[in-house]
Amino acid sequence: MLVEVKVPVLSESISEATLLSWHKKVGEAVARDENLVDIETDKVVLELPASQAGVLAKIIREDGAAVTSDEVIAVIDTEAAVSLEPAAERGEGRGTPTASGAVHVSPPPASQPLLSPAVRKLVTEHHLDPRAIAGSGPAGRITKEDVLLHLEKPAAPAAPPIAPPAPRPAPVEIPSGARPEQRVPMTRLRARVAERLVEAQQTAAILTTFNEVNMQPVMELRNRYKDKFEKEHGVKLGFMSFFVKAAIAALKKYPIVNASVDGGDIVYHGYFDIGIAVGSPRGLVVPILRDADRLSIAEIEKKIADFGARAKDGKLTINELTGGTFSISNGGVFGSMMSTPILNPPQSAILGMHKTTERPVAENGQVVIRPMMYLALSYDHRIIDGREAVLSLVAMKEALEDPARMLLQV
């Protein structure tokens, strides 16, 4: 039977995707749930597993092709499968298409046991190696009962599967010469990021207000409890969770900063979905902490650590990168002293964190050295007035300089 391989249904915000790389060639055996091709959207890279075992009979759309939801990109012949091993490992020639369009695969070598259609179906469905099954039929043939008996035996613990590395951009090699140049097409993610940034600049009235925060109280609190925290919760205590909590405290006081523009309406959100900007090999992504106000410090740290790890491996889902009511970007990890972050539409505000540096400051009439950080809040002046923007940033500053305020909600 010929089975069509289709592009999965993409989210409403994604009109098309790009086929990055096929992992199988025409004529090669395919196991059920085996990844066939990587599909790049403007948010994530998706893996498309095979719905049925068989042989890849036809590839309709090649690497680099732009595709849409539910588009047919390949065909699998389920009746051509004769072994669970790839053709290359068996030392067989690749399959050749017949006049009917099906693929003919050479019969297995003598080292492979002959299987009846019913037995082959069971073996394929359960991903079994026929050579590991003792046959009780004539001349040692494997019967259906032999396979069922083999399935009842307790399986030996298997090693955890190793996830394939996420596709990474190819390194740019600039040719030699007096004035060398290299033209490289944008990835779909980079093109989408560029489109959204230009859209934000053209549609929103972006303004940025600055302040500075004394990080000593948070640093002392972290140093005092970081070992106990990690032992208790199994995750390191970072600084981002404090900023998330401080931002939520400010957003509750000034709901307009957590709102968004929809045509001629202002949408006030009664929830707090905080986007955390994370760098990845494919570019900047912003996974969302859903209902962040309901999360503990430990839960926030765990989710952020998980986002960072899966962003590097390209394993974030579309749903995790969609939505959000407010974002936080930390340029300080790269050494940035000050910047003006750009809004992430349709959000109306974004907080920029920067590098913590010891500087002389006036405190109680004396000059002292304190670990200081510049904060930047970019906001959409169409709906957020300067007063609300400045006061919300001051509220974040006060919460960070006196963390007990967040606990007492004062």
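1. In this predicted model, the charged end of arginine 359 sits over the ring of tyrosine 374, at a distance of 4.2 Å from the centre of that ring. A second arrangement of this kind involves arginine 222, whose charged end is placed over the ring of phenylalanine 239, 4.9 Å from its centre. As for contacts between rings, a search of the whole structure returns 0 aromatic pairs.

2. One open sheet is built from 4 strands in the order β1-β8-β6-β3, and the pairing in this sheet is antiparallel. The edges are taken by β1 (2-6) and β3 (29-30), each of which has a single partner strand, so one side of each remains without a neighbour in the sheet.

3. Within that order, strand β6 (residues 54-59) and strand β8 (residues 72-77) run antiparallel and are joined by 4 bridges. Two positions illustrate the register: lysine 58 stands opposite valine 75 in β8, and isoleucine 59 has alanine 74 of β8 as its bridge partner.

4. Strand β6 is also joined to β3, in this case by 2 bridges, and these two strands run antiparallel. Here alanine 29 stands opposite valine 55, a residue of β6. With regard to its surroundings, 5 of the 6 residues of β6 are buried, so this strand is largely enclosed by the rest of the structure.

5. Another set of 4 strands forms an open sheet, with the order β5-β4-β2-β7 and antiparallel pairing. Its edge positions belong to β5 (45-49) and β7 (66-67), and because each has a single partner strand, one side of each is left without a neighbour in the sheet.

6. The partner of the edge strand β5 can be followed at the residue level, since strand β4 (residues 35-40) runs antiparallel to β5 and is joined to it by 5 bridges. In this pairing, valine 37 has leucine 48 in β5 as its bridge partner.

7. Turning to the helices, α8 (residues 386-401) contains 16 residues and reaches 22 Å from its first C-alpha to its last, which is close to the 22 Å expected at 1.5 Å a residue. The buried residues of α8 are Glu388, Ala389, Ser392, Leu393, Ala395, Met396, Lys397, Ala399 and Leu400. When reading such a list, one may recall that an α-helix has 3.6 residues a turn, so residues three or four places apart point the same way. Charged side chains also appear in the list, with Glu388 and Lys397 both among the buried residues of α8.

Note on methods:
Residues are numbered from 1 along each chain as its sequence is written. This is a predicted model: local features need pLDDT of at least 70, side-chain atom pairs count only at pLDDT 80 or more; totals for chains, interfaces and linings use all residues. Side-chain values use heavy atoms; hydrogens and water are left out. The expected span of a helix is 1.5 Å times one less than its number of residues. Buried means under 20% relative accessible area, exposed over 50%, partly exposed in between (1.4 Å probe, protein chains only). Rings of Phe, Tyr and Trp (its six-membered ring) pair if their centres lie within 6.5 Å; planes under 30 degrees apart count as stacked, over 60 as edge-to-face and the rest as tilted. A charge sits over a ring if NZ of Lys or CZ of Arg is within 6 Å of the ring centre and within 35 degrees of the ring normal. Two strands pair if DSSP finds at least two bridges between them.
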